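Colleague: I'd like a close look at one part of this model, starting from a single spot and working outwards. Could you walk me through it?

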Amino acid sequence: MADGHAHADAQPRLLAPAAMDDPYPLYHQLRATAPVRWDGSAWVLTRYADVLAVLRDPRARAARIDPDPTWLQQTGLEPLFTTHARMMLFTDPPDHTRLRGLLNTAFTPRVVEGLRSRITALVDELIDRIAAAGHTDLIQDLAYPLPVTVITELLGVPATMREQFRRWSDGLAAFIGGSSAPEMQTFAHAQRCMLELSDYLRGEIAARRQQPRADLLTALVQAEAAGDRLSSEELIANAILLLVAGHETTTNLIGNGVLALLRHPDQHRRLVEQPELIGSAVEELLRYDSPVQATSRIMADDLELDGQRIRRGQYVTLLLGAANRDPAQFPDPDRLDITRQPNRHLSFAHGPHFCLGAPLARLEAQIAIGRLLQRLPTLHLATDRLVWRDNFTLRGLTALPLRVA
Ligand code: HEM
């Protein structure tokens, strides 16, 4: 585990921070020269067909958090790693089937559609403030507060804790996504965040045992109380997963998506003129600059791919962002085309771990971007220097300064 795979979804060493501004030329180069490439700690896959094949292959396991026990003991990082190993994202059947079954019903497209008017109200309120100011950092003023408010309301934790959640969530995201900071420093900080957040959730859970409410946390507490379907450790771990997943990713979809539109004035104009294209536009924005650039698996058996033998026990890094720009799957892949059809991107992955929150993320992004363009069609970039967050996997901007013309 101390080989670069200690964090949850290790990013290939090939991806130096320099590539973070724009990883796509490097992806193209890798796909053309070495589509299945050993980088010293993992096999790095850049072709659409290969990434899809691994996501579908039951020999490719999601339970990839398996640090050496002696190392864990020496470092004192046991709580961080065991908690992550209990998140559905990092489990295989039968645990995965059970955990996912418990949460599925809360995130179906039908249930999520019921949030439309609340999300629209939130978006309009946030845009009112932007309109009044005449300028904005879109990340701070819309892309971040929207998803965090929605997920905290769903779970039933107070939105007043938002800043605190953000700090905890950022610390955990650096662990899951991998940053350029020294590994041990990232781990220690992530563990502090995880322990504080767990303590906080324990209090909330205890309160719901006393007095059930109409929220997702209560539903999980009731599933736990119903018997052996959910342990209290699993409850905490998966509540943390939802909170973190509901924080970073949708923020980055809105931020990366609006940036892509502003950099392509013809597509921007088209969407302003034809707001009914918002559904396919959001799919294209997901493909074009994916908020989650990579995931990984560990092989439970040998696998032959592109003449290379991937051995049992080895890690495979799936570059979703590269698969989404594969010319063999997407004609003219570097072109942003908000009407692209078909558009079977892998931004939410595929197979048993297909993003649980996809219907929610789609709805939030459609409403946020749709309303923003409708109400403020003259928004434009107020800087030529954009700074990307220091996270290899969760790709997003630190700020997106815009001005209303
Ligand atoms: C644009 C926004 C989002 C993107 C791009 C995204 C992406 C992904 C991806 C790629 C995976 C699969 C990883 C793998 O197979 O290893 C995943 C899983 C997951 N996502 Fe999302 N996600 C987004 C938003 C959300 C939201 C809003 C939530 C929750 C409210 C959420 C909850 C989850 C959960 C719980 C899983 C684990 C599912 C499982 O293991 O069965 N995601 N997401």
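In which loop does Asp-306 lie? And once that's settled, please carry on to the ligand site and the loop that holds its iron donor.

Modeller: Happy to, bearing in mind that this is a predicted model. Asp-306 lies in the loop between β6 (303–305) and β7. Its backbone is a bit unusual: Asp-306 has a positive phi of about 55 degrees although it isn't a glycine. As for exposure, its relative accessibility is 39%, so Asp-306 counts as partly exposed.

Go on along the chain and you reach Arg-311, in the loop between β7 (308–310) and β8 (315–319). Arg-311 is partly exposed too, at 43% relative accessibility. Leaving aside neighbours within four places in sequence, Arg-311 is in contact with Met-299, Asp-301 and Asp-302. There is also a long-range pairing to look at: Arg-311 and Trp-43 are 268 residues apart in sequence, yet their C-alpha atoms are 9.9 Å apart in space.

Now for the loop between α16 (320–323) and α17 (358–375), where His-345 lies. Cys-355 lies in that loop between α16 and α17 as well, and the SG of Cys-355 is the only protein donor of the ligand's iron atom, at 2.3 Å. His-345 has a relative accessible area of 11%, and because the cut-off for buried is under 20%, His-345 counts as buried. The side chain of His-345 makes a polar contact of 2.8 Å with that of Glu-283. Not counting residues up to four places away in sequence, His-345 touches Glu-283, Leu-286, Arg-287, Asn-324, Phe-330 and Arg-362.

Two backbone details belong to this loop. Pro-342 has its place between α16 and α17, and a cis peptide bond joins Gln-341 to Pro-342, with omega about -15 degrees. Ala-349 is in the loop between α16 and α17 too, and Ala-349 has a positive phi of about 65 degrees although it is not a glycine. At 13% relative accessibility, Ala-349 counts as buried.

That brings us to the ligand itself, which sits in the largest cavity. There are 28 residues around the ligand, and His-96, Arg-100, Thr-295, His-353 and Cys-355 come nearest. Three side chains put an N or O atom close to a ligand oxygen: for His-96 the distance is 2.6 Å, for Arg-100 it is 2.7 Å, and for Arg-297 it is 2.8 Å.

Which elements build the shell? α5 (95–104), α13 (232–263), β5 (294–299) and α17 each supply at least two residues. α13 gives the most, with six residues. Just ahead of α5, there's another cis peptide bond to check on your screen: the one joining Pro-93 and Pro-94, with omega about 5 degrees. Pro-94 lies in the loop between α4 (78–85) and α5.

One last stop is helix α9 (residues 145–155): nine of its eleven residues are buried, so α9 is largely enclosed by the rest of the structure. Thr-149 is found in α9 and is buried, with a relative accessible area of 6%. Not counting residues up to four places away in sequence, Thr-149 touches Leu-122 and Arg-162. After α9 comes Gly-156, with a positive phi near 95 degrees.

Note on methods: Residues are numbered from 1 along each chain as its sequence is written. This is a predicted model: local features need pLDDT of at least 70, side-chain atom pairs count only at pLDDT 80 or more; totals for chains, interfaces and linings use all residues. Side-chain values use heavy atoms; hydrogens and water are left out. Helices (H or I, at least four residues) and strands (E, at least two) are DSSP runs, numbered from the N terminus. Buried means under 20% relative accessible area, exposed over 50%, partly exposed in between (1.4 Å probe, protein chains only). A polar contact is a pair of N or O atoms within 3.5 Å; within protein, one must be able to donate a hydrogen and the other to accept it, and residues adjacent in sequence count only if both atoms are side-chain atoms. Contact means heavy atoms within 4.5 Å. Donors are N, O and S atoms within 2.8 Å of the metal (3.2 Å for Na, K and Ca); water is not among the atoms, so sites may look incomplete. A residue is near a molecule or strand if one of its heavy atoms lies within 4 Å of it. On a 1 Å grid over the protein atoms alone, a cavity is a set of points where a 1.4 Å probe fits but cannot get out, and a pocket is an open set with protein on both sides within 12 Å along at least five of seven lines; lining residues have an atom within 4 Å of a point. A molecule sits in a cavity or pocket if more than half of its atoms lie within 2 Å of its grid points.
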